[in-house]
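This report describes selected features of a protein structure for a reader beginning the subject. Please keep the sequence and the model in view while reading.

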Amino acid sequence: MTAWDRYWFGPVAAVRPYVLERTVLFLLALDVWMQFVPHGARYGAGDFNVAHFAWLDAVQPPPSPALYVGLMLIVGGLAWVIACTGGNRALRVLLVALYTYGWAMSRLDAYQHHYLLSLLLGAFVFFPDARAADANDGRTKQVSAWAFVLVAANVAIVYVFTATTKTEAGWASGAVLREVTRSSHWFQSMWSRLLTTGLRDDTSWELVARAVALLQIVIAVAYVAVVRSGGGRARWARPLAWVALAAATGFHGSLLLFTIEIRWFSYYMIALAAAFFLPEVVLRAFVALATFPARTVAQSAERWRSVPAGWQSLAVVAGAACIVALAGSYLDLPGATAAGFIGGGAIATMGLVGGLGNVAERVRCMAIAAAAGALVLGAVVHVWPIRFQYHLYAVADLQRRGEPAQVLAAYEKAEPYAPRGQSRQRQIEALRSRLGAHRDE
Amino acid sequence: VPSSPRGEAAPTTARALSRVDATAPPARRLRRLVGLAIAAHLTFQVVLPLRYYLRENRRDERFAWRIFSALAIPPYHCDVRVQEFTDDERIGREVDLSRTLHDAWIASLRQGQDAVVERFLHARCGSSSLVAAVEFSRLCRREDHARAPYMRVRRDCRSGAVSAQEELR
């Protein structure tokens, strides 16, 4: 093999791609349900839209809240099922296509890391088909995983470009960092204390800004070097991996402490760093811990072995399809009922096709995962004020663009889901009396 | 290529692209194919952000990995306005953006995103047959009174011609 071949096709510890893929997919499922869905009301508002690509504008239907929310619920469900079961190649292709369409349909979603996620999901299509047992078999099982190595190269490119940006005057002077940290009281007080040591304000900001750029270069180098340091990880790579892990976790983790609108970007980048840089033994322990509940459930399900496989499949698939469809109706969000029925229908179809083929057990697993995902989604939407936020964002827009009656209707939809202490009953009453007075006139 | 740990049929060529034992790397031809795809992909990943730096107008940061850039966190504040003109009008009628567009699109206009500006001017041209021209202007101001971007884009609704002016003021 040539050096090029050895770089891409050489062995990597099986646990690394496994942890990376599953962690990113779980994060993605929760991310789209909790972060994307609440913003759905703005799609199609004012009958105006610009897609990320001009050709998409020409072929797509005008985005609407129902289309966007429904799509995101399905994307989350797919990510969840693949995270739980590994899915199959077709499901992974479907996930990358739907997710990418989700952000590409409108420039309302301008987060650069959503494009990065599309690249990751694209790489997952070619990831080794591993199970928890493969990743956690007590030995350092190794696989050839060029797509995993490609993720490292891609992430390194991202870090190099973002570090290059930081050589520009705006960043290098510390001005952007000042702006980012301006609203953080704890940081301001810590910074003031630092300055009492005699350090100059401007010099300190410049130093921190340049240090961040330098750290990003170190992280980039680590991604392309450490990934090829061998399954057992060569001695030279260990300190580099630790430095990169500390730098990535420190930088992205610290961003979580400031009020900057980057959504879950930091979590994804920390997950990436952990999958690439943590020692294998730690990753294997993590897999053992994270898969413990699923393994316990699988063991207890062994007792159902006595039931004929055909009946088992029928019961599981029918039950899962119903749960997914019902969860969609329960959500009470535009597009959710349709998404639930599409999901339920897909499970039923998969069950039928799987029953005819030789992948019945796999289909059963996916159906169970889908049902579990629907229940988790229901719980997440119940516990988090996702519906409340969705309708309040709609209120904020309608207050400027809409009529008072539309604002009132949106408030009334939000009110049943208001968390404690955030009731909008006062605003509802005020609007009702205002509209009543208008009618009397 | 070994059979799957799940006891499925031996992987097809497409599957073998990603699923091989470390001791049995893909066949040479397959490696070459994947290698070429990797090289093409990485070239694209480098060229795409590089295009941003080669452009004169650097307002479209979407695929340039410019996180925390001066555009995303600018040292100035921009005001935008859109005016519509009929054939015999010299002074345009102001479009109430907050009543017309979602806040997120107004933010895009403030950033001077060309595609959004262009599409909005096009949409305003189509809003009434009386509208002969639409003009967008973006005036940015810095706290320290240093020069900041100014931009003006005018679309002639009859011919579709677009003229633009950009400078630091």
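## Surface and sheet in a predicted model

Val221(A) is located in helix H12 of chain A, which spans residues 201-226. The model discussed here is predicted. Together with Val160(A) and Ile217(A), Val221(A) makes a nonpolar surface patch of about 210 Å².

Is Val221(A) buried, partly exposed or exposed? Its relative accessibility is 44%, and because buried means under 20% and exposed over 50%, Val221(A) counts as partly exposed. The table sets this valine beside one from chain B.

| Residue | Place | Relative accessibility |
|---|---|---|
| Val221(A) | helix H12 of chain A | 44%, partly exposed |
| Val131(B) | loop between H5 and E4 of chain B | 7%, buried |

Leaving aside residues up to four places away in sequence, Val131(B) touches Glu84(B), Phe85(B), Arg124(B), Cys125(B), Cys157(B) and Arg158(B). By contrast, 59 Å separates the C-alpha atoms of Val131(B) and Arg32(B), which lie 99 residues apart along the chain.

Chain B also contains an open sheet of five strands, ordered E3-E2-E4-E5-E6, with antiparallel pairing. Strands E3 (93-94) and E6 (162-168) of chain B stand at the edges; each has a single partner strand, so one side of each is left without a neighbour in the sheet. In general, strands of a sheet pair through backbone hydrogen bonds.

Strand E5 of chain B, residues 149-156, pairs with E6(B) over seven bridges in the antiparallel sense. Within this part of the sheet, Met151(B) has Glu166(B) in E6(B) as its bridge partner. Helix H5 of chain B (residues 114-125) lies across E2, E3, E4 and E5 of that chain, at about 35° to E5(B).

Conventions. Residues numbered from 1 in each chain as written. Chains lettered and ligands numbered in written order. Predicted model: local features only at pLDDT ≥ 70, side-chain atom pairs only at ≥ 80, totals over all residues. Heavy atoms only, no water. Pairing = 2+ DSSP bridges. Helix = DSSP H or I, 4+ residues; strand = E, 2+ residues; numbered from the N terminus. Contact = heavy atoms within 4.5 Å. Axes fitted to C-alpha atoms, helices over the stretch in contact; angles between N-to-C directions. Patch = residues over 30% accessible without salt bridge, like charges linked within 9 Å, V, L, I, M, F, W, Y side chains within 5 Å. Areas by Shrake-Rupley, 256 points an atom, 1.4 Å probe, with all protein chains shown as cover. Salt bridge = Lys/Arg side-chain N within 4 Å of Asp/Glu carboxyl O. Buried < 20%, exposed > 50% of the residue type's maximum accessible area, 1.4 Å probe, protein only.
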